[in-house]
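Please open the model in your viewer and keep the sequence panel beside it. The tour below moves from one selection to the next and says what can be found at each stop.

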Amino acid sequence: MDNRCEEPMAQGSDTSEESNWLDVEPDVERVEIVSLFDSKVFATLPEMLQYCKQQYGFDLVQNVQRLQLDFLGAIKLINFIRLQVNNKSTLPAEISIGDIEDDGLLKPVLSNDAAIFSLDEVLGSPTEAQMGTSDAMDDSYIDLQKNNRRLEVELASIRESFANYRLAVEETLDRRWGVNDIPGPSPNAKEKDPSGYYFESYAAHDIHETMLKDTVRTDAYRDFIYENKHIFKDKVVLDIGCGTGILSMFCAKAGAAKVIAVDRSDIIDKARENVFNNSFSDVITCVRGSIEDVELPVTEVDIIVSEWMGYCLLYEAMLPSVLYARDKYLKPDGLLVPSSATLWIAPLKDEAYVLDHISYWHDVYGFDMKAMQEGIFDEVRIQSMPNSSLCGQPYPFRVLDLYSTRPEDLTFTARWETELDSGTDNIDGFLIWFDNFFCPSRSDPVPEATATAAKWAAESPGHVAFTTGPDGQETHWKQGLLLTGSRMSPDSVEAPSRLGGQITFSAAADNARALTLRLNWSTGHEEREQSWELK
């Protein structure tokens with residue numbers, strides 16, 4: 001309220017009149033404190049609280065003391081009550097801390113809620129409580145305490161306003177693509193989903209830092225996109241599981257006309273900020289949700305790019321989502337990035353590893369702790385192993401051509417065989433890894449099963465590939481180590497020269513995103529079978 005007197009003084013007025021004029025007290029704004037439970041208005045907070053206590057049986061001060069709330073906690077309590085009343089919801093029999101833990105309750109429900117700004121009248125300050133009397137306090141210090149509390153409320157309001165502003169910007173950008181007009185589940189809806197933990201895990205920053213710092217992974221996508229800019233120029237690109245938005249920004253920088261970045265995890269909020277901060281908002285739009293649930297603002301796309309690979313390639317079961325999008329959105333001549341993958345297996349013998357991770361538990365400072373080995377032979381261990389630990393030739397047991405692979409093809413049994421290194425009389429386990437291939441044309445043949453990533457990439461301009469195997473640079477996928485729980489029979493007359501058998505990939509019985517690997521192998525005179533879980 002502006003209390004300045006703007007009416008000019010009459011000419012000829014004397015000094016006394018001028019002095020009297022300036023001494024006039026400004027009008028005092030009348031404070032109106034609205035009841036917590038209805039629209040009745042009071043002049044003071046104590047009057048309002050007494051009314052609520054008599055008419056509704058609610059004692060605000062007693063509840064603040066019972067919950068041991070600080071000033072901001074008391075604000076949340078007031079706003080919680082007002083929200084419940086506005087929504088015509090019944091208050092809990094006894095309000096708990098859990099009811100008011102949401103920081104969104106710091107935003108006043110009533111604009112300029114005088115009840116909040118008058119809380120000092122009934123709560124006092126910690127210093128007053130400790131000293132037992134406000135008379136012992138310096139008036140200026142009391143004013144400072146009150147101003148601090150007012151500033152805390154204003155700061156909370158400003159933060160909320162900024163959050164609303166950012167949301168408004170996001171919605172404006174989405175409207176540019178027509179996303180807000182698309183029917184379907186609310187982007188903010190918290191659905192019950194058995195695999196919800198999977199998406200929640202990708203909301204954390206650490207996992208994205210790990211992936212971005214995996215230069216083998218990130219460089220492969222960057223190099224393919226930048227070395228094939230002519231493919232991406234003026235195209236519509238779909239990025240599935242966009243995470244931080246790095247692949248979408250690669251595509252936008254390469255000249256894509258539109259990029260639609262989709263992710264169900266809360267990381268999509270950070271992707272939007274990254275897109276905005278790098279001035280790609282006119283090209284990239286971020287859509288929250290599973291690709292199976294959202295409707296895109298386009299009916300078809302030229303290119304689908306996705307980093308869908310998990311441990312042992314198929315862990316996390318994200319590939320079916322890519323195949324779904326391929327069938328629904330990709331043009332008949334559209335491109336998949338990457339375009340194929342090959343799974344490899346090799347026998348392993350590593351005495352140093354066994355000593356450090358298995359035999360170790362038999363004697364820990366003189367104690368037998370073999371109980372700690374529980375699960376070691378039943379679970380896939382994600383481990384980066386040296387190439388020297390292999391004791392036989394790697395075998396490519398499965399090639400996935402992403403243009404023709406069907407979801408049902410991801411549960412499979414495949415044959416494999418290997419020639420053991422000379423002198424190998426036993427094995428400690430098997431190693432699983434995969435190679436990824438990025439091809440700029442659908443007319444190019446799928447890499448042969450035996451094609452190595454490095455050799456294939458060097459064959460033609462525009463080709464990019466990488467391996468997660470032990471003979472390449474370490475990646476965050478590492479390799480899947482399957483330790484065998486038994487040794488080959490010592491009764492063998494001679495060491496076997498070959499191993500062969502079958503390997504089965506299937507979803508775990510209790511988790512569709514986890515894997516069960518089953519392996520059987522034969523040395524020619526004995527057969528073994530074992531299974532491992534990757535959860």
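Begin by selecting Arg 288, which at 14% relative accessibility counts as buried, where buried means under 20% relative accessible area, exposed over 50%, and partly exposed in between (1.4 Å probe, protein chains only). This is a predicted model, in which local features need pLDDT of at least 70 and side-chain atom pairs count only at pLDDT 80 or more, while totals for chains, interfaces and linings use all residues. Residues are numbered from 1 along each chain as its sequence is written, and side-chain values use heavy atoms, with hydrogens and water left out.

Now add Asp 269, which forms a salt bridge with Arg 288, the closest N and O atoms being 2.6 Å apart; a salt bridge is a side-chain nitrogen of Lys or Arg within 4 Å of a carboxyl oxygen of Asp or Glu. Asp 269 lies in helix α14 (residues 267-277) and Arg 288 in strand β5 (residues 284-288), so the pair ties together parts that are 19 residues apart in sequence; helices (H or I, at least four residues) and strands (E, at least two) are DSSP runs, numbered from the N terminus. Asp 269, at 26% relative accessibility, counts as partly exposed.

Next, select Glu 417 and Arg 498, whose side chains meet in a salt bridge (3.8 Å, N to O). Glu 417 belongs to strand β11 (residues 412-419) and Arg 498 to strand β15 (residues 498-508), so this pair ties together parts that are 81 residues apart in sequence. Returning to the earlier stop, salt bridges that share partners join Asp 266, Asp 269, Arg 272 and Arg 288 into one network.

Turn then to the aromatic rings, of which a search of the whole structure finds 20 pairs; rings of Phe, Tyr and Trp (its six-membered ring) pair if their centres lie within 6.5 Å, and planes under 30 degrees apart count as stacked, over 60 as edge-to-face and the rest as tilted. Select Phe 37 and Tyr 56, whose ring centres are 4.8 Å apart with planes at 25°, so the pair is stacked.

Finally, colour the largest nonpolar core, which has 89 residues, with Phe 232, Leu 238 and Ile 284 among those that have the most contacts inside it; such a core is a set of buried Ala, Val, Leu, Ile, Met, Phe, Trp, Tyr and Cys residues joined through side-chain atoms within 4.5 Å. Domain 2 (197-307) and domain 3 (340-534) both give residues to this core, so it lies between them, the domain bounds coming from an automatic or database domain assignment.
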